[in-house]
Amino acid sequence: MPLVARLSLFYVAIYLVIGVSLPYVATFLRAKGLSGAEIGAVLAAPLLLKPFTGSILAVWADGFRLRRSPMILLAVAAAAAYLAMLVAPGFWSLLVCWLLGATLFSTISPLIDVVTLRRARLEGFNYGLPRGSGSSAFIAANLAMGVVLTLVGAEVIVVWITVAALLTAFAAFALVPPERVHDEGEAPARRDRWKGLGSLLTDRVFVLAVVTAGLIQGAHGFYYSFSTILWRKQEIPEPMIGVLWGVGVAAEVGFMWFLESWRRRVGPGRLLVMGAGAAVIRWTAYAFAPPLWALFPLQMLHAFTFAASFLASLQLIERLTPPRSASAAQALNSAVSQGFTLGLATLASGPLFDALGVRGYWAMAGLGAAGLAGALVLGRSSRVRAGA
């Protein structure tokens, strides 16, 4: 099987988990009797700790001989934590289970991104093809769960993500190429790996790129946590909610699959500005509870609020980082953009939802504006304009 097809199938396995856990785990937690603030706390816990857990797991993963080995272990352990949610009796036990499962599973994506980005550069294929295949699986899983939830209880959400996590472990073994973590032979000593991570944190341009991408991605926090519940309050049917999520991800897939040449011409700096500007527009509009017909074009802005800013951040981090620190750099980027800032936004989203309802989106528009300011400053860097 061609490498791009194997990597595509692996991303599919990953996003069969994410396509259900991201939009629907709040529904499961609500069925368990948790309040909006408690749901926000559970969802935010792994994200807030991700700068620490992500860094530790990245350094741990760099100690293996093959890049796929830690992916297998992470997926199996995550499946066990997800399964435990079915019998978790209350808030604290659910928080611990979700913290373990989400922390372990979310580390797989930056690890496979390192492999895919490197192979795409060496073999000349578009990184967006395998990554976009994962997003397509997100759509399929999302739509399927929207239908399934009309027939059975919310426990099926946890059953699905557990089985899909085990499938990811098998896919890591069967599909990910046996690429070495360190081409020169043995892994560096743990102290040297931590030293490489520390050097990244003293690079001001690198830190600004990570924080800027984090602000733009963090602005999705309220949407990820409470859009499904808010759309239900607008009496939008469950299957149509799945369609709305699918439209956003379809726009993301289209961007990754078909706009590669345009993306390269524009460059990551300007893409980041576009993503931040789209975030300000999108979340401001959502604060007014737009009708169903208006939600479709707004959902298509996901191509910029997520896909453009995500791809721009990956390319910037790859440019700004020496190869020996690639895993740590992408893990740190993921820890901030898909972790800490998103976690803070998610944690704040619970009280915002309880107090303001749909008007909580105003806070997300503010994060997008902060990201826009960061992107404009970043664009002045010669390293960003010309590549490092």
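Which residues does Leu83 touch, not counting residues up to four places away in sequence? In this predicted model, Leu83 touches Val158 and Thr162 once those close sequence neighbours are set aside. Leu83 has its place in helix 3, which covers residues 68–84, and with a relative accessible area of 46% this leucine is partly exposed, because that class takes in values from 20% to 50%. The fold also brings Leu83 and Val159 to 6.9 Å from each other, C-alpha to C-alpha, although their positions lie 76 residues apart in the sequence count.

From this single residue we can turn to the chain as a whole. The domain assignment divides the chain into domain 1, residues 1–183, and domain 2, residues 195–387, and the centres of the two domains, taken over C-alpha atoms, are separated by 19 Å. Where the domains meet, 42 residues of domain 1 are in contact with 43 residues of domain 2. Between them the two domains bury about 3700 Å², and 69% of this area is on carbon and sulfur atoms. On the side of domain 1, the residues that lose the most area to domain 2 are Leu47, Leu48 and Asn126, which together account for 13% of what that side buries.

The polar side of this interface can be described as well, since the count between domain 1 and domain 2 is six residue pairs in polar contact, with both residues at pLDDT 80 or more. The side of domain 1 that touches domain 2 draws at least two residues from each of helix 1 (3–31), helix 2 (36–61), helix 5 (108–123) and helix 6 (128–148). Helix 2 gives the most to that side, with 14 residues, and by class the side is made up of 21 nonpolar, 14 polar and seven charged residues.

Charged pairs add another layer to the picture. Side chains of opposite charge can pair when their charged atoms come close. The structure holds five salt bridges, and across the interface of domain 1 and domain 2 the rule finds one. Glu252 and Arg131 form a salt bridge in which the closest N and O atoms are 3.4 Å apart. Glu252 counts as buried, at 4% relative accessibility, and Arg131 counts as buried too, at 2%.

Elsewhere, Glu179 takes part in more than one such pairing, as its partners Arg67 and Arg119 show. The side chains of Arg67 and Glu179 meet in a salt bridge of 3.6 Å, N to O. Arg67 lies in the loop between helix 2 and helix 3, while Glu179 lies in the loop between helix 7 (155–175) and helix 8 (190–201), so the pair ties together parts of the chain that are 112 residues apart in sequence. Arg67 counts as buried at 11% relative accessibility, as does Glu179 at 6%.

The side chains of Arg119 and Glu179 also meet in a salt bridge, here 2.9 Å from N to O. This pair again links distant parts of the chain, with Arg119 in helix 5 and Glu179 in the loop between helix 7 and helix 8, 60 residues apart, and both residues are buried. What network includes these residues? Arg67, Arg118, Arg119, Glu123 and Glu179 are linked in a network of salt bridges.

Technical notes
Residues numbered from 1 in each chain as written. Predicted model: local features only at pLDDT ≥ 70, side-chain atom pairs only at ≥ 80, totals over all residues. Heavy atoms only, no water. Domains from an automatic or database assignment. Contact = heavy atoms within 4.5 Å. Buried area = accessible area lost by both parts, 1.4 Å probe. Salt bridge = Lys/Arg side-chain N within 4 Å of Asp/Glu carboxyl O. Polar contact = N/O pair within 3.5 Å; in protein donor to acceptor, adjacent residues only side chain to side chain. Helix = DSSP H or I, 4+ residues; strand = E, 2+ residues; numbered from the N terminus. Nonpolar A, V, L, I, M, F, W, Y, C, P; charged D, E, K, R; others polar. Buried < 20%, exposed > 50% of the residue type's maximum accessible area, 1.4 Å probe, protein only.
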